[in-house]
Amino acid sequence: MSKAEQDDIVKNLKSCISSSKGGIPISAISRDYHMLIGDPLPYRGLGFSKVEDLIQSIPDLKVVKGPKGEQVVQIVPSKRQRNDQQARLIAVQKSANGGRFVPRAARKPNDHTTEEQQRKPNIKETNWRTGGSNVPQREVRSPALLRQLSQPQQNTNGRRSSQENNRKFSKFSAQEGIPHSSKNLTWRRPSPDDDQSSQTATNHGGLRKPKRVETNNNNEELLYTPVVCPVASIRNPYEPPAAEIVATQHISTLRNYVAKQKLGEIEFKTIEMAIEFSKMYVSSVTIGQDFKLSTYPNGGSTAQEALDLVARMAYEALVEKNRKAAPQLQATTDSSEALQRILKLLLSHPNGMWSSKVPGEYSELYSEKLPDDWLKQIMAFPQVDANVISDKQIILTLIENPTVEDANTAPANDSVARQDDSPKGEETLANQVSQPPPITLPKEEHWDVYITNANSTTELWLRLVGDIYSVLYENLATEMELHYLGSKKAVEGSVKEGDFFALQLDDCVHRVQLQSIDNGMAQCLLLDHGQIETIAASELKVLEKQFLRLPFQAVQCELKGLEDFSNAEGVQELLLDTLIGKTFVAQPSPEFLEQQYQLDSQPVPLVLFDTSTSEDINVNTQLWEKIASTILTPKLPKEGKVIEVSVSYINSEANIFVQLYNSVIHGIQQKITLLDTEKLAGAKPVKLAKGKIYLAQYTDGIWYRATVTSANEKKAIVMFIDFGNTATVDVARLIDLESAMPDLAQIPPQAIMCTLHHLIPSPDVKVCKKTVERLTTLLPEDKPHLLKVICQASGSTPPAVEVFRRIEPDNLLVSVNSSISLDNDLFELKSEKKKEEKIIAPEKSAEKEKPVSPVRNLSLKTLPPPKIPEVGGYLDVIVVMAASPCNYIVQPYEHSNELQNLMVELQNLLGVDKGVKLQPGEVREGGVYAAKHHDGKWYRALVNNLLKGDHFASYLMDFGDHVVVSLDKLRVLPQNFCALPYQAVKAKLAGVKAINNDWRVEDCVRFQELVCNRPFVSVVEATGPDLINPSEMVLCLRLIDTSSDEDIDIAQVLINEKRATKAG
């Protein structure tokens, strides 16, 4: 068995287990695998004597004790296991960092912008976020999983003056901090009875996918005609809700300063400025009666960014204003006293203090200013460690508690120190620094950065490039390597989470923080790379204090405009190929400039530029184009493979629409909410074209991506391409998505239409409303389902699939296709008119049929029926298939050995590709042939119907399966294989009826548990023709289990469990 085949088996096994929340009993694995894949679990072919041994050999699987004491298999991703992507990531990083590589600063992007564009960077992605980067994001989940999404509220304040049409105001009180709640809306599946006629934008609290429209044949026929809609009348300007003021660092600093200085009340105002379809927010702040400041002409891409910017500008302006107005302070004349005061300041900052911060705090505490040579004196003091990063950036750290005598020995013009100012309460400070100081981000609007790690678009790690960043780090790394090369001081005693250590990986020594420890294995964060490593705890070394004085260098960021698609499969691989080990120019959000960044800080939103060539490349835009064209294209796996999907819609023909990536659909809906749809709707005449993507508003008030299927001058039937539903909408209310948000129009449709394989049991029946209702019950959209591809899509023919789901409470895996096809009550007979047409049709189109081969004149073969006792007689049977108590398949027990011998002989005769092949035109309806099933075995099959493309709807006469087989999988059945009567006999349970007039899903599953693959003594209560296929016989049987001392009547079991009542 090849490595690829082994990987497929393990992947299918994990799919089987992942479909059950909490895992599945180990005793059910073989059964579920066989049902899902169609073949037995080949654990012996993999070299294992038991299924349990195979399970234990797979790293991500473990066996736990279930609630009933049984052994349950669960998928538990191992923290220690490196997948291929992680291994490749490490290899790329090693290659990128090999030879102690120091990244050089890149060229800044060229400035070709106009004055208007300079006010706001021309980056499409900056408008995609709903809030500032410091705003805690509301958790908005997938629409298929019944979760909540915030939606902008509609304007109800009437018309404003025309001067206000191009801007919108949000006014807040800085002291109140009033949060504004949006309506919480919920996704749900539409009811078949929901009214589709109304196209109003009212919202009744249900955020759901758009529903299918059932058109009335008596209504005006909608034919596709490209039209130009008239310009809509001017609508009232849209009034957005007041944004929440989040207490970011700048806003909190301003509030504290204003309160301390008693400058008065703070009032913020934010203006939304519209330039065509883009937005820019400008904020102003009024403090007291005489201070007012605005960010204009600068602003932010969100209201929160603008607020943060104006708060920073206001604080800096007030500090400068008060500095100039304040009286000049006298310098401290006693150098020893000044020194003692500085030491006291440093004592309150055990992790160090920037030298530039010392004069301000000193003056605020003592109302004096420092002597001119204070820095020279304090740097010469033996108990103070001065880490010189640059001429203007020095970190001062007190490494020991100074005494009066120490201070008196300092190299200065000393005098007797005042005891009052000496630190009290502690005799010594900690012998080592507890953690690195935070890194100060650059104040420039463009940063040179080096990408070290990429887990997703919202977890990108980088190092800053420059003399005070990468150069100092490389010097530190070299010192650490030299130090730990000869000194390997291991950690003594126990370690705890959050502590800092040194770790040698390959030829490099890293500063790490312990994240977790389990069974001697430690998970560590590399502080200068942003990467997680799992190693033995014994490999951790003591991190000397001198290596903790440089701030950690890894800064977590997120790519603007790509946040909503961070979880899409394949994104990390793309980031790995595009970013890792390369230098870029980054444009961060303004509020992060010159800020201190710590481990628990928010990720920095930024846009990356590649300036390595003469052309400036917006990397965010480049990544988005690749994501939209490749990663976001939903693709079903190959035939026979299994994938987890959500069923978003079921149409009237019982075709299902499936979604593969709920996170992508969620991201699409998030971006749509950023558009001013009320302003865009009807703003311009829309030219209708087939295949073009629009935004259409559904009756729930929500806008979705849609294509036009047909239209007249006023109305259009649209299909919502991410869900599969259709609806009738006003043409004037359609929005051209390519104009409003072209990036969103690039994303392919997310709903894939599939046909259910072998759903229709006979060519004489068709699906009906009952079929769709039962499918809707079996395939709720709030739960994932397993989908197996039977036939790939071909041309306009959608893929044929089989869907599996688990039934509570025992998590039994069932085939939805089989459950439906075996229940005759879920289908309708085709009309008599169609039957007559079917009989006459061959006569009319005889000249178009392919002629029978002149070489062979193959007569139709048939199989004799089994011998059935008279009413009241006994018949030993085996139940081989069951859909419900009113529809199951039995085999006469007396012929079981004969059937087994026949199957063995048939496999030996036909083998892989033996037997007499059939030519086009030789296969006839009603004939019996040998058919090769997708499990690779040959069966006796009755051809019921000739389909397109040399495919045939067939019935396995010994097992009751309905299958579709191609011509190359049919063979002439030798006459000696036609003697044994067909063994599959349709039956229904005698003496009972459903307690609610219809068998519930859980009742059917319980019946399957009681009877499937078990022998019974049955009593023939009645016989008669099948209502759907009158030529076939149905037995009405009492099933009695005689395997124990006490006879068990299956009908009575259902009655006792209150699932059934006695039939009248």
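Two strands count as paired if DSSP finds at least two bridges between them, and in this predicted model that criterion is met by β10 and strand β12 (residues 394–398), which run in the antiparallel sense and are joined over 2 bridges. Within this pairing, Met-353 has Leu-396 of β12 as its bridge partner.

These two strands belong to an open sheet of 3 strands with antiparallel pairing, whose order is β10-β12-β11. The edges are formed by β10 (353–354) and β11 (384–388), each of which pairs on one side only. Helix α8 (residues 335–347) packs on this sheet, where it touches β10, β11 and β12, and its direction makes about 90° with that of β12.

A further open sheet, also with antiparallel pairing, contains 5 strands in the order β44-β43-β42-β41-β45. Because β44 (962–966) and β45 (970–971) stand at its edges with a single partner strand each, one side of each is left without a neighbour in the sheet. Inside the order, strand β42 (residues 938–946) pairs with strand β43 (residues 951–956) in the antiparallel sense over 5 bridges, and here Ala-941 stands opposite Leu-956 in β43. Helix α22 (residues 896–910) packs on this sheet through contacts with β41 (928–932), β42 and β45, its direction making about 80° with that of β42.

The two helix packings are set side by side below.

| Helix | Strands touched | Angle between directions |
|---|---|---|
| α8 (residues 335–347) | β10, β11 and β12 | about 90° with β12 |
| α22 (residues 896–910) | β41, β42 and β45 | about 80° with β42 |

Terms used
Residues numbered from 1 in each chain as written. Predicted model: local features only at pLDDT ≥ 70, side-chain atom pairs only at ≥ 80, totals over all residues. Heavy atoms only, no water. Helix = DSSP H or I, 4+ residues; strand = E, 2+ residues; numbered from the N terminus. Contact = heavy atoms within 4.5 Å. Axes fitted to C-alpha atoms, helices over the stretch in contact; angles between N-to-C directions.
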